[in-house]
Amino acid sequence: MDMSDKKFWGDKPYFSLDHYLKQTFGEKVYRLSLNGGMTCPNRDGTLDSRGCIFCSAGGSGDFATAPSLSVTEQITQAKERIRRKSNCRKFIAYFQAYTNTYAPVSYLRELFTEAIAQPDIAALSIATRCDCLPPEVLDLLSELNCQKPVWIELGLQSIHNDTLRQIRSGFTYEQYLSAVDALKDRGLSVITHLILGLPGETEKMMLASVDAVAHLPIDGVKLQLLHILKDTDLALLYETAPFPVFSLEEYCDFVVTSIEHLPPEMVIHRLTGDGPRSLLIAPLWSTDKKRVLNTIQKRFRERGTWQGKCYTDQEVFHNELANSK
């Protein structure tokens, strides 16, 4: 592929979610952030009671609607906010806060069925943990996937188990791999979250996570800038034992490098992420999302590069990995 082929992704040198949605549904589609009223084994005492060290009290669902509302009411509210700025006609029901398969199957069935029953909900997106997908939940997700597309968003963050222990994730990379296999065996779409800038990780370590994900049978990836939020253990660590955070230029350059390593058919669902302004401690430059995205586009142009430029096919990648050990 050369730069003349980038038209495959519209006006971007990478396979953006927006481009994928327009290809798949024929028009622009917006995500509606919902709250299913669940918690997490890392918060309810099953694994821990403190949560991951970077996670806010909102369980990564700070932009979701109130869980006291029904799913239908949440969807109606979220649509109203979007329609103030867009005439969008199709939506994704995105269960974002906490762990959205961490409940009895009967509860999940009622919740998810209510969401996809609405005609203008085009797909169901469920954020969860790799250790919260028992067989009965997988069977339900597979059943729902026959009605409307179901995307499972797994928060991996890093392939390095030492890092996963440090951030108190409560699971291992091996558990994540098992979950991917189980989800793909049932024909479900998998989106993986990676956090860039975790304490103690070098760019080489981060790129190893990107390369590993690039060679898994997943459908999309979210690249998330590490946000240090108030009232988290990460904020306490940053205060007592400061660690380096990305500058704007460093981050944008590394995102471009990461996307070079991803296969051309993998959808890029996120390039940076949002941190609530009222909670954000660092990096403060990330509040100007438009500037961040523009800088990333500029870096693509300056480097004359595109998604997949440095991607190595599966067989070559595993040979290189074996030879490096």
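**Buried residues, helix packing and aromatic contacts**

Glutamine 297 is buried in this predicted model. Its relative accessible area is 17%, below the 20% that marks the limit for a buried residue. The residue belongs to helix α10, which spans residues 289-303. Beyond its neighbours within four places in sequence, glutamine 297 is in contact with Lys12, Pro13, Tyr14 and Leu271.

Alanine 282 is likewise buried, with a relative accessible area of 7%. This alanine is found in strand β9, residues 280-282. Leaving aside neighbours within four places in sequence, the contacts of alanine 282 are Leu226, His227, Ile228 and Tyr238. Alanine 235 lies 47 residues away along the chain. The C-alpha atoms of alanine 235 and alanine 282 are nevertheless separated by 9.0 Å.

Helix packing was examined for one pair. Two packed helices are described by the angle between their axes and the distance between the axes. Helix α7 covers residues 203-214, and helix α9 covers residues 248-260. Their axes come within 9 Å and cross at roughly 35 degrees. The crossing of α7 and α9 is right-handed. From α7, the contact is made by Glu203, Met206, Leu207 and Val210. From α9, Phe254, Thr257 and Ser258 take part. By class, the residues of this contact divide into four nonpolar, two polar and one charged. Glu203 is the charged residue, because Glu counts as charged. Thr257 and Ser258 are the polar ones, because Thr and Ser are not listed as nonpolar or charged.

Aromatic rings form nine pairs in the model. A pair of aromatic rings is described by the distance of the centres and the angle of the planes. One of the pairs joins tyrosine 173 and tyrosine 176. The ring centres of tyrosine 173 and tyrosine 176 are 6.0 Å apart, with 15 degrees between the planes. The pair is therefore stacked, because the planes are under 30 degrees apart. Both tyrosine 173 and tyrosine 176 sit in helix α6, residues 173-185. Because they are three residues apart in this helix, about one helical turn separates them. Both tyrosines are buried.

Phe246, Tyr251, Phe254 and Trp285 form one aromatic cluster. Phe254 also appears in the contact of α7 with α9.

Two charged side chains lie over tyrosine rings. Lysine 28 lies over the face of tyrosine 30, at 5.4 Å from the ring centre. Arginine 31 lies over the face of tyrosine 94, at 5.7 Å from the ring centre.

Key
Residues numbered from 1 in each chain as written. Predicted model: local features only at pLDDT ≥ 70, side-chain atom pairs only at ≥ 80, totals over all residues. Heavy atoms only, no water. Helix = DSSP H or I, 4+ residues; strand = E, 2+ residues; numbered from the N terminus. Buried < 20%, exposed > 50% of the residue type's maximum accessible area, 1.4 Å probe, protein only. Contact = heavy atoms within 4.5 Å. Axes fitted to C-alpha atoms, helices over the stretch in contact; angles between N-to-C directions. Left-handed = near helix turned anticlockwise from the far one by under 90°. Phe/Tyr/Trp six-rings, centres within 6.5 Å; stacked < 30°, edge-to-face > 60°. Lys NZ or Arg CZ within 6 Å of the ring centre and 35° of its normal.
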